[in-house]
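Me: I would like to go through some labels used for this model and the grounds for each.

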Amino acid sequence: MAVHTATGRTVRARRAVIADVAAPALYRDLLPAAAVPPRLRADLERFAWDTPVVKVNWALRAPIPWGNPGTAGAGTVHVGADERGLVRWAGDIESGVLPATPFMLLGQMTTADATRSPAGTESAWAYTHLPRGIADDGNADRLADRVDEVVEEFAPGFRDRVLHRAVQRPRDLQAADPNLVHGAVGGGTMQLHQQLVFRPVPGLGRAETVVDGLYLGSASAHPGGGVHGVCGWIAARAALADHGMLGALRRRVTTAALELVYRDSPSAR
Ligand SMILES: Cc1cc2nc3c(=O)[nH]c(=O)nc-3n(C[C@H](O)[C@H](O)[C@H](O)COP(=O)(O)OP(=O)(O)OC[C@H]3O[C@@H](n4cnc5c(N)ncnc54)[C@H](O)[C@@H]3O)c2cc1C
């Protein structure tokens with residue numbers, strides 16, 4: 001088997017190819033159409049992305065002046081909501097409302113790694129989510145402004161320390177990494193209906209794909225984004241097992257199982 005790159009290179013693989021791309025990109029764009037059973041293509045129509053991310057990056061003249069000094073030494077801070085606030089925020093996101101008080105994950109990069117910016121300064125970023133289907137443009141900028149407001153609330157004087165600020169809208173994130181489709185950083189929603197044997201689509205809940213020797217190792221595979229590296233680890237283990245002592249048997253069982261799932265539309269295994 002082989003992989004053809006966009007620049008015209010062909011990379012031959014003796015045993016396995018592990019695809020680190022989102023499931024729709026693999027099955028719709030990268031594989032030849034004839035290799036993907038029609039039912040799998042139909043299932044992908046129901047594939048749900050996770051909510052788009054808006055990321056704000058700051059260069060600060062000094063560390064963030066947190067009201068709670070205990071926060072100063074943390075590499076990562078969750079900001080903006082207590083339990084009730086989280087429910088309100090999730091309600092906004094799921095009902096298509098631009099959150100007035102965004103809940104965010106904030107990274108204090110220089111706090112975590114002193115080489116990130118000159119001594120005495122701070123390099124920080126925060127990201128939060130837009131509801132699905134909301135236009136990227138003005139809404140992403142409005143949400144980014146609210147991110148600053150929330151940080152200011154928890155760290156009075158924060159804004160005075162900002163030397164430079166850059167916002168990455170969902171489309172900017174996708175332009176930087178084609179895996180972040182519409183700014184989705186999790187490789188697809190991790191709600192229950194797209195977990196375990198339902199990830200990325202029902203019936204394909206393993207790293208093995210419909211093509212013999214091809215494995216899905218991106219966050220679109222089980223267990224999804226946020227479980228650092230485990231998707232790739234599972235794919236690598238599956239590839240090794242397929243070439244281990246019981247490899248031939250394992251491959252036959254996988255092929256039989258996939259043929260059962262895609263009975264009416266044969267796979268390319
Ligand atoms: C700002 C931000 C903050 C995050 N914070 C956290 C966090 O705190 N905790 C957490 O668990 N997760 C976090 N995540 C999510 C986590 O980074 C992702 O879930 C994870 O990186 C996904 O891994 P992946 O291997 O599927 O894809 P990626 O890490 O995106 O790797 C895919 C690689 O393949 C390349 N690629 C894609 N398509 C093609 C193609 N067609 N041809 C060639 N190359 C291609 C991409 O450029 C990229 O280099 C965050 C993500 C972002 C953007």
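Me: What makes up the shell around the ligand, by class?

Reply: This is a predicted model, in which local features need pLDDT of at least 70, side-chain atom pairs count only at pLDDT 80 or more, and totals for chains, interfaces and linings use all residues. Residues are numbered from 1 along each chain as its sequence is written. The shell has nine nonpolar, seven polar and three charged residues. Ala, Val, Leu, Ile, Met, Phe, Trp, Tyr, Cys and Pro count as nonpolar, Asp, Glu, Lys and Arg as charged, and the others, Gly among them, as polar.

Me: Which residues around the ligand come nearest?

Reply: N179, V185, S218, A219 and G225, out of 19 around the ligand. A residue is near if its C-beta atom, placed from the backbone, lies within 6 Å of the molecule.

Me: Why is the ligand said to lie between domain 1 and domain 2?

Reply: Domain 1 (2–48 + 186–261) and domain 2 (53–176) both give residues to the shell, so the ligand lies between them. The bounds come from an automatic or database domain assignment.

Me: Why is L196 called exposed?

Reply: Exposed means 12 or fewer other C-beta atoms within 10 Å of a residue's own, buried means 20 or more, and partly exposed is in between, with C-beta atoms placed from the backbone. L196 has 10, so it is exposed.

Me: What does H182 count as?

Reply: H182 has 17 C-beta neighbours inside 10 Å, so it counts as partly exposed. Its phi is near 55°, a positive value in a residue other than glycine.
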